[in-house]
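Grab a pencil and have a look at the fold below. We'll work through a few exercises together, one step at a time.

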Amino acid sequence: MKLVRIMVGVAIFLGVAGAFLPGASSAPDKVVTIGYQKYGNLILLKGRGGLESKLAPLGFKVDWREFQSGPPLLEALNAGAIDFGHAGETPPIFAQAAGVPFVYVAYEPPAPKGEAILVPKNSPINTLADLKGKKIALNKGSNVHFLLVQALEKAGVKYSEITAIYLAPADARAAFERGAVDAWVIWDPFQAAAEAATGARTLTDATGLAPNRQFYFAGQKFANANPAAVDAILAGIADIDRWADGKEKTVAEELSPGIGIPAPVLEVALKRQTYGVRALDDAAVADQQRIADTFYALGLVPKQVVISSAVRKPVS
């Protein structure tokens, strides 16, 4: 019995001592938490698993968090619940105006056909001017918010002359189907799903009105402390872009089970998507600034923002 106690004591001593020996044990992996939506390139990156191998040499594991749209994803970034995410043009503008500490790190090329103002198939609304006095559903602060503003301006209709009904996509779809709203401003794949299921007509897409870029961003602290990790994530996105471009049918079949939208419908949406992740350039910054200035003039955001101040600086 005495011998057993001695052996146990030696084992404990060696275990404790070993913890202080170089190379005896590795530090716990760091975690990068990525916010993604049910549609887009990040969900593909998650599904195919290529990012983990890029981040592992940097000591990172990946934790994925799903969001229904951009605004709550950016709220999570503000709360420190995620480190990296993506959204359309408008959510980061609302977030910057609210003081969320983040930086734009990249974007995908414009995809103006991937968002639209829909009306019921038998609606008497045939022109943008017909939206005057109507109830229009949209997700407040989402990428389609600017599309609505621009479409109304083109038609000479003031934003105050419509009734904006702010609803998340699922609730907006229900309101649209039961006739509680006259029009719905929405993005893919919800756009394609509504077209297929309800026969909804496209009053206009964003062509000539809004670029409809997808942006990637990171929390300011995370980006400053972990530039190599941000670069690795962007490299993973670039890989998935190259793989997915031109493979709409394959991508649709892969995404369909998780999204709950039939693959043929997703294929329609994917044909309106663009690929080719890149760092922000002057054109993208200028377009974002135009959106921010428009929203400030309308009183939709509380203060003016300078987009360039939230753009990630090149790592030297």
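**Exercise 1.** Which residue in β9 is the bridge partner of A116?

*Solution.* Keep in mind that this is a predicted model. Start with the two strands: β5 and β9 pair over four bridges, in the antiparallel sense. Now look across from A116, and you find D205 as its bridge partner in β9. Next, try the other neighbour of β5: the strand β8 is joined to β5 by four bridges and also runs antiparallel to it. There, L118 has W184 as its bridge partner.

**Exercise 2.** Work out the strand order of the open sheet, and find which strands stand at its edges.

*Solution.* Step one: the five strands come in the order β7-β6-β8-β5-β9, and the pairing is mixed. Step two: β7 (163-166) and β9 (201-205) each have a single partner strand, so one side of each has no neighbour in the sheet. Step three: check the pairing at the β7 end, where β6 (residues 135-138) and β7 run parallel and share four bridges. In that pair, K135 sits opposite T163.

**Exercise 3.** Are the residues of β5 mostly buried or exposed?

*Solution.* Count first: five of the five residues in β5 are buried. Here, buried means under 20% relative accessible area. Then sort them by side. E115, I117 and V119 are on one side, A116 and L118 are on the other, and both faces turn out to be covered. That split fits a handy rule: in a regular strand, side chains alternate between the two faces of the sheet. Finally, see what lies over the strand: helix α6 lies across β5 and runs at about 65° to it, and helix α7 (residues 169-177) lies across β5 too.

**Exercise 4.** Find out why the buried residues of α12 line one face of the helix.

*Solution.* List them: A263, V265, L266, A269 and L270 are buried in α12 (residues 263-270). Now look down the axis of α12: these buried residues fall within an arc of 155°, so they line one face. What do they pack against? The partners are α8 (190-198) and α11 (248-259).

**Exercise 5.** Which helix gives the largest share of the largest nonpolar core?

*Solution.* This core has 64 residues, and Y104, I117, L131, L148 and F295 touch the most other members. The largest share, seven residues, comes from α6 (residues 144-155). Zoom in on F295: beyond its close sequence neighbours, its contacts include H145, F146 and V149.

Note on methods. Residues are numbered from 1 along each chain as its sequence is written. This is a predicted model: local features need pLDDT of at least 70, side-chain atom pairs count only at pLDDT 80 or more; totals for chains, interfaces and linings use all residues. Side-chain values use heavy atoms; hydrogens and water are left out. A nonpolar core is a set of buried Ala, Val, Leu, Ile, Met, Phe, Trp, Tyr and Cys residues joined through side-chain atoms within 4.5 Å. Buried means under 20% relative accessible area, exposed over 50%, partly exposed in between (1.4 Å probe, protein chains only). Contact means heavy atoms within 4.5 Å. Two strands pair if DSSP finds at least two bridges between them. Axes are lines fitted to C-alpha atoms, for helices over the stretch in contact, and angles run from 0 to 180 degrees between N-to-C directions. The arc is that of the directions from the helix axis to the C-beta atoms. Lists of a residue's contacts leave out its neighbours within four places in sequence.
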